[in-house]
Structure formats: C-alpha cells, structure tokens
Amino acid sequence: MIDHAGNAAAFNRDKSFAEWHNETLWHVRHKRDMARNGVVDWELLREKASAIKEHTLANLHDYLLEFEKNALRNGWVIHWASGSDLHNRIILDILSEENINEVVKSKSMLTEECGLNVFLEKRGIRIIDTDLGERIVQLAETPPSHIVLPAIHMKKKEIGELFHKHLHSAPGSEDPEYLTRVARENLRIHLKNAKAAISGVNFGLADSGAIVVCTNEGNADMGIHHADIYIASMGIEKLIPGKTELPVFLELLARSATGQPITAYTSHLIKPPPGKTYHIILVDNGRADILSGNKYGEVLKCIRCGACINTCPVYRRSGGYSYGFTIPGPIGSVLAPLKNMKKYHALPFASTLCGSCSDVCPVKIDLHEILFKLRYDAVDAGSLSMAKRLMLFILDQVLYRKSLYSILGFFGTRLLKYLPSFMVYHRFNGWGKSRDFPGIPDQSFKKWYKEEIKRG
Amino acid sequence: MSRDRIRVGLFIPCYIDQFYPQVGKAVYRFLKKLNLDLEYPMDQTCCGQPLANSGMRKESEKYAVKFWKLFSGFDYVVCPSASCVLHVREHFPDLPEDGMEGSFRGKTLEFVEFIHDILRLEKIEASFPHKVALIHGCHGLRGLRLESSSELNVSYFSKNMELLRQVRGIRMVTYDREDECCGFGGSFSVFEETVSVRMGLDKLKSLTACGAEYVTGNDMSCLMHLEGLSHRQHLGLKFIHIAEILNGAV
C-alpha cells in the first residue's frame, strides 16, 4: 500500500531541495503559460483535441482495424498484446530470433509500465535508454520520477558522481554541459552499433498506418536509422483518425509539456526502408477495461504531456516517487487506482481538488472530478483505515444531528477556549501541529439569529 | 420581480456558524438592507461535503436530502462559501425517490455570485481603507468560475474584483502565483498535513511580501487554514470574509 502522506513528509525533510523542486516545476508550468499565450485559439484547440479523442475512443475497434490494415500495407509487422507480459515476450522473441543481445530505447512510458527493462536484463539482453534523463535514472537503477522530466528529482552533484562511476567522467564535475557531452559520447557508441531499437509512440494515424514520435534529443531517430530492426510499443489509446487531426495535437503537446512551440523532432514513421524490419506492438494492458467500465474512459484521452503533473501543487511539494507508481501527479493518481485500488487507494486523496489539473489539461480530462469519484470507489472498496473511518463516523454524527451539532458545537468551541494548549496542540492533532485554531466567538450565528428574530 | 418578493434561504455553513458568526451576520445584514424576503431555516447543519470529499458517499447523501427539504421552497439559496455551493451544485446526488431531481441546484448561489449575477447590484456602499489581498479559493475560481483562472486562455474577469473595486478607500494588492491553491482541501489539511502546511506557508510568503494588511476571499475555510498558520507564525496578517468588507466592516 502506498502511503502518500508519509512519503510526502519524507520528501519535505530536505527543505531546500523540496523548495527547489517546487520552484523548478512551477517554472515549467510558467513556460507553458507563456507558450499558450501565443495561441489565440488555445481553448478551441483543447475542445477539438478532446472531441477527436472522444470520437476515436468511441470507435476504437474500427480505428484499430483500419490502422492495422494500412500499417500492414505499408510493410509493418503488427503484434497485439493484451498485457505487459505478452508485450515483453513479443520483444524478447523478436530479439532472440536475430541473436541480438543489446537494444537501444528512446523514451517510452509504456515500456516502463510493462517493466521491459528488468524483463530483458534478466534474460541477458542489455537495454540502453538513450534519452539523457532516462539514461541517468537507468544508471541510478531507479524509475523515472516524472514522465517528461525523468531525472528532475536528482541534483547535479549526484549525476556527476553517477557519471563518474559509470561513464568515467572527471571526478567531482557537476557542469551540466560537460556531463551531457560525456553521456552523449557514450550513447553515440551504443546508438551506432545498435542492431535493434525500441521507442514509444505519441500518435498512431489510422488512415495512414503510420506513427508519429515526438522527441527533443533525436535519439529515437538515430537509433531507428542505425538499427535493422525497429520495434514501436504503442498503447491502443494513442490512435487518432489520421493526418488531418494530427496538427491539433502537435500544437498542444509540446506547449503543454515544456512550453516549447513544438518538439525538436517530430518523426513520421511510415514504412520500413528496404532491408529493415519495423514492428508495432499494440498494447491493451487494462485500457480496454477502463474504456468498457464506462465511468472513467475519458482518462484514455491523455497524451502524456505532463502538464497536470507540473501544475499540481501537491506533486511539486511531494515529488514523483511519493506516488509509488510509474506515472505521478493527478493523471497517475487516476490511473494507479484504476489498475489496483487496494495498493493505490491513498492517491485520490493526495489532492486538494483544486482543479488546476483539469484546466491545464490539453485534452480536457476532468481529472479533479475523477479524483473525487475515485474517493467514493476507494471507500466502497473498504480501503479506509479504521482510525479514519471512526473519525468520519463521529464527524457524521455531529454534523448531521442538529441537537448534537449544537451541543457539541457549543461545548467543543468552549472546550477549545479553556483547554490548556498542550491538550489542544499535540502531535496526534493534524490541524494543530502547525496551525492555531480560530478564536472562539461568544455565540454561534444560529444563536444570534434566534435573538435577532426576537428583537424583530 | 421586486426584491421583497424574492424568497431567499440563507445557508450558513457549519464552521461559519460555530467559528465565524460575524460572516453570517454580514451576509444577513447585507441582504436585509436590500429588502429581500430573507429566512434562515433553523434546522440546518452542514451540506455534507466533509464526508463526500472523504469518500463517504452513502453517509453524505442524507445531508442532501435534508438540505433539499429545508431549502426547496425558496427562490434562491445563498451561502457565503463557494466550496459548499459547489458541493450542492455538482456533487449532490439525484434522488428522485425523495422528490429531489436537482433543479434547485442552479438556484443555490455563492454570496458574490448572487449579488453580482442575480441582483446585479451596481453600487456597493462600503468603506474599507486598507491594503487588501484577495485569495482565489479554488472552488470559487475553477468550480463556480467567479473569476478567470490562469490556466485558461480567456479574457480576465473577476466578479470579486468588480465588487471590491467599489469599496471606498480599499487598496487591492497583487502577489506572486495568485491562483495557486492555498493547501486547505478539507480533510486534506489533516491527512496530508505536511503538504497542506507547506502550501499554506508558501501562500503566506507571497501575501506578506505584497504588503497586505488584510486577506480576503469567498471561502472562510481557506482563510481559516491561512489564519491558523499565520497566527502561529506571528505574521500579523488579518483575515476577513469578502461579505464583511462588502457589508462595510471597518
């Protein structure tokens, strides 16, 4: 079970780092605002993007078949994977058949979701993450803490030590430019010798049987172009009808993610060049269940830009790892309990329901509303602790019954006034640890109103 | 319809009743001056939001039934808390077996919303010669859309500011990250204490830096959280509900 509040408290023990984390991610949100200001029709684009995704999801069956048909015609090899195990096995089979023991990969949250790295390493296949942030967390043997900025939780010093250990950079160096060059030189060797490359997919175009991959470092392209075998891992929700709809999303994606007008590379992979083999693995892994559940299907509109994560005041002050799930922040707090309520029931409560996530979302997922509804589901599933249930039971008794409410209200507030402060403010009191209680008025509004009516 | 024919039911949230009766009084007096047919049903307690937000669907539904019974006869229900109003409007269940199908939801309005949208008051008679910072409670901001939020690419608007600007002598001050959440969040403030407090202290940092004497807003609950932190830190900031300012409190 994930204890978000406990993890958040641990994160905040290093106060200066917690502050830095908050400021840095807020800066990304600010850059997003600046980029958005340049698009007059921003709100209209969000409407459109949302409608296109809704339409595609409502007709997903047909679009998937259309995509498959057109991709086959283009010469892709198509695989279907119902779950993460099958996804990983398909990749293992492709690599084993060609006796490949090292594969380069460019950022894919889906392969993170499927645990591909561990799966392949266990079977003797070396997998090299080629995006800088991903490479850093891979060397550190930790998962990414953010879906767009995977190593945002690490300091320069730590990265310098890590690179010194693994990539033989100069000891004690923390210069980002130097460290990037070291990583780049090392990655070039892997990229040039790559026999196989794996990447994620940003958009699948049903009408063209092609995929679009958006990156900033260009390593996906370098890997794909050097390798003889390319494998694209694609969640079935990544589909859109086609070329006509694509620009709507390209306008929104990078601006929402990092505040750039567009990613440095927007690669359209249409058909394999002669002599090369291109695979697409279409992965369900719980998506169809979410869609057919009819309740939260809209979460599948997500284009993984991370804007909801950057804007979330709770994420910025608790860090990506506090969620204990591949994807942090509001979107992670929605996806995780849909996957496993028992383990992740605390996440829908790791929000003030401030609604910033829903307003920032480029495809208009009503994230905070879903978080609210998931709280109902969490309680229905019996995941509330005894202590919390008892507290809420008492609260319910007091708030509902007028007489009890008046009596307890009266005595409670009086009690608060005269109890010695050590009894009111102790470590079990979540409110009073850092906050004072409000001053106690002489009479409640109700009492005043009664007298006011008498006075006429 | 002339104003004395408009039947208004006053809903004063539980914590305002107990801790901040002066807010209820300000609303009552303000509306009374306008000759509305005003009534405060004595049997009211709470809207049930604290339970609903904690995931207690079943327990929270009976509050909706009670609310409906007490308030269905009014033309409007007015409440000085954006958060409670949002709960009534968006999270009250439809319970047809109790004759409750939700048309009354739209008639439940937050105080500023009511005087701005329904009464369309053109002149506020009040004086408040102080430096004031407005906090934008999330449920009023992004829920009821009392103001434009910074995430959206829409023209600026603020029903709060339209009213506050008319108050004599008031000097409104702006500050950093104005519409970031203050961290209250109901039971979040207790169950996620660390982050809640961190958010509140960050908000107070901006509020003290902008030189405000008073902090105001549509939700006393956000103000209560900030007041509690500020008091503990001896920051000297004063907290006041927007209804108190509009009613002419000095």
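## Interface between chains A and B

Buried area is the accessible area, with a 1.4 Å probe, that two parts lose on being put together, summed over both. In this predicted model, chain A and chain B bury about 6,700 Å² between them. Carbon and sulfur atoms give 58% of that area. The size of an interface is often given in this way, as the accessible area lost when the parts come together.

Chain A brings 79 residues to the contact. Chain B brings 70 residues. Twelve salt bridges are counted between chain A and chain B. One cross-chain pair is B:Arg177 with A:Glu23, whose side chains meet in a salt bridge at 3.1 Å, N to O.

## Chain A as a whole

Chain A has 456 residues, and 57% of them are buried. The chain holds 23 helices and ten strands. Its C-alpha trace spans about 95 × 55 × 45 Å along the principal axes. The exposed area of chain A is about 20,000 Å², with 56% supplied by carbon and sulfur atoms.

Three domains are assigned in chain A. Domain 1 takes in two segments, 1–16 and 306–384. Domain 2 covers 39–288, and domain 3 covers 387–455. The C-alpha centres of domain 2 and domain 3 of chain A are 54 Å apart. Contacts in chain A reach far along the sequence: of those between residues at least 6 apart, 73% join residues at least 24 apart.

## Parallel strands in chain B

Strand β5 of chain B (residues 131–134) has two parallel partners described here. With strand β6 of chain B (residues 171–173), β5(B) pairs over three bridges. B:Ala133 stands opposite B:Val173 in β6(B).

The other partner is strand β7 of chain B (residues 214–217). Three bridges join β5(B) and β7(B), again in the parallel sense. Here B:Leu134 has B:Thr216 as its bridge partner.

## Salt bridges

Over all chains, the whole structure holds 38 salt bridges. In chain A, the side chains of A:Arg32 and A:Asp33 meet at 2.8 Å, N to O. Both A:Arg32 and A:Asp33 are buried.

In chain B, B:Arg89 forms a salt bridge with B:Glu113, and their closest N and O atoms are 2.8 Å apart. This pair links distant parts of the chain. B:Arg89 sits in helix α5 (residues 82–91) of chain B, B:Glu113 in helix α6 (residues 111–118) of chain B, and 24 residues separate them. Because its relative accessible area is 4%, B:Glu113 is classed as buried, the cut-off being under 20%.

B:Glu125 and B:Arg168 form another salt bridge, with the closest N and O atoms 3.5 Å apart. B:Glu125 lies in the loop between α6 and β5 of chain B, and B:Arg168 in the loop between α8 (159–164) and β6 of chain B, so the pair ties together parts that are 43 residues apart in sequence. B:Glu125 counts as exposed because its relative accessibility is 54%, and the class starts over 50%.

Shared partners also build a network of salt bridges. From chain A, A:Lys15, A:Glu19, A:Glu23, A:Arg316 and A:Arg317 belong to this network. From chain B, B:Arg177, B:Glu180, B:Arg198 and B:Asp202 belong to it. The pair B:Arg177 and A:Glu23 described above is thus part of a network with members in both chains.

## Loop residues in chain A

Most residues other than glycine have a negative phi. A:Glu141 has a positive phi of about 55 degrees, although it is not a glycine. A:Glu141 is placed in the loop between α8 (132–139) and α9 of chain A. Its relative accessible area is 71%, so A:Glu141 is exposed.

A:His168 also has a positive phi, near 60 degrees, and is not a glycine. A:His168 is in the loop between α9 and α10 of chain A. Its relative accessibility is 65%, so A:His168 counts as exposed.

A:Ser173 lies in the loop between α9 (156–167) and α10 (176–192) of chain A. Is A:Ser173 buried or exposed? A:Ser173 counts as buried, because its relative accessibility is 15%. Leaving out residues up to four places away in sequence, A:Ser173 touches A:Gly160, A:Tyr178 and A:Leu179.

Technical notes:
Residues numbered from 1 in each chain as written. Chains lettered and ligands numbered in written order. Predicted model: local features only at pLDDT ≥ 70, side-chain atom pairs only at ≥ 80, totals over all residues. Heavy atoms only, no water. Pairing = 2+ DSSP bridges. Helix = DSSP H or I, 4+ residues; strand = E, 2+ residues; numbered from the N terminus. Salt bridge = Lys/Arg side-chain N within 4 Å of Asp/Glu carboxyl O. Buried < 20%, exposed > 50% of the residue type's maximum accessible area, 1.4 Å probe, protein only. Contact = heavy atoms within 4.5 Å. Domains from an automatic or database assignment. Areas by Shrake-Rupley, 256 points an atom, 1.4 Å probe, with all protein chains shown as cover.
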